[in-house]
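Work through the exercises below with the structure open beside the text. Each task is followed by a solution in steps.

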Amino acid sequence: MSDDEQGKARRRRGRRRGRRAAGSSEHRSANQATGGATAASDAGSAKSSRSRALRRGPERLRTVHETSAGGLVIDGIDKPREEQVAALIGRIDRRGRMLWSLPKGHIEVGETAEQTAMREVAEETGVRGSVLAALGSIDYWFVTDGRRVHKTVHHYLMRFSGGELSDDDVEVAEVAWVPIRELPSKLAYADERRLAEVADELIDKLQTDGPEALPPLPPSSPRRRPQTHSHAHRRRSDEPTPGRKNGRGPGP
């Protein structure tokens, strides 16, 4: 074979090797492109699933509604302010702090809100009171036992009618007669402090113009159905109750 023929054969073999290399490179590029598209599709699906999960949010809690009633019992309501005292209850919170509040509890079947207020005051403080006027209602939300609870509490101004302070109720750590002037600093919750201000105004009307000047009680029908009884901070009956104080007189 001549030198020219050998050169032509080498050029043909070179062109064939070039075409094979180009074909192999194109095949690899196509595979890489397909794999990239698949990975992108998988990533997109995962992102879409996460987005749907975020839109759905956490599993919804069952919502229940509870209604309670309580009262601010005043001893000496017809006397000068410096001689008036109110019955409060104290409970220990999770941090060990004593929190003072108004006695209150669930409305039971067959009870009106006023009847519940008088019963709960007697059970939690040991003293009895008669309803004079409505102070207002407080409502709030909390989560307990896998439920989202919406609670409404109706409060009443009450005149002391007898009994002695007692903290026998297992959910109450302490009870006390508190001078009415000290309620703004004693009550732990802002909503109840506002109710104490309303009580102060109503007592002024009572002393100035008599019981007829008090606003009429809102209508209240006996409860027909039982309701849930959530006790987020229930004290066990076998736990010791610190700081027990009974009897008449200002508390700590």
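The exercises deal first with salt bridges and then with nonpolar cores.

This is a predicted model, in which local features need pLDDT of at least 70 and side-chain atom pairs count only at pLDDT 80 or more, while totals for chains, interfaces and linings use all residues. Residues are numbered from 1 along each chain as its sequence is written, and side-chain values use heavy atoms, with hydrogens and water left out.

**Exercise 1.** Find the salt bridge partner of Lys151 and place both residues in the chain.

Step 1. A salt bridge requires a side-chain nitrogen of Lys or Arg within 4 Å of a carboxyl oxygen of Asp or Glu. By this rule the model has 13 salt bridges.

Step 2. Lys151 pairs with Glu66, and their closest N and O atoms are 3.6 Å apart. The pair links distant parts of the chain: Lys151 lies in strand β6 (residues 147-163) and Glu66 in strand β1 (residues 62-75), 85 residues apart. Helices (H or I, at least four residues) and strands (E, at least two) are DSSP runs, numbered from the N terminus.

Step 3. Buried means under 20% relative accessible area, exposed over 50%, and partly exposed in between (1.4 Å probe, protein chains only). Lys151 is buried at 8%, and Glu66 is buried at 1%.

**Exercise 2.** Is Arg81 buried or exposed, and which residue is its salt bridge partner?

Step 1. The partner is Asp200, with 2.9 Å between the closest N and O atoms. Asp200 belongs to helix α4 (residues 190-209), 119 residues apart from Arg81.

Step 2. Arg81 has 9% relative accessibility and counts as buried, whereas Asp200, at 24%, is partly exposed.

**Exercise 3.** Describe the salt bridge between Arg119 and Glu123.

Step 1. The closest N and O atoms of Arg119 and Glu123 are 3.3 Å apart. About one helical turn separates the two, because they are four residues apart in helix α2 (residues 113-125).

Step 2. Glu123 is partly exposed, with a relative accessible area of 40%. Shared partners join Glu111, Arg119, Glu120 and Glu123 into one network of salt bridges.

**Exercise 4.** Which element supplies the largest share of the largest nonpolar core?

Step 1. A nonpolar core is a set of buried Ala, Val, Leu, Ile, Met, Phe, Trp, Tyr and Cys residues joined through side-chain atoms within 4.5 Å. The largest has 24 residues, and those touching the most other members include Leu72 and Leu135.

Step 2. The largest share, six residues, comes from α4.
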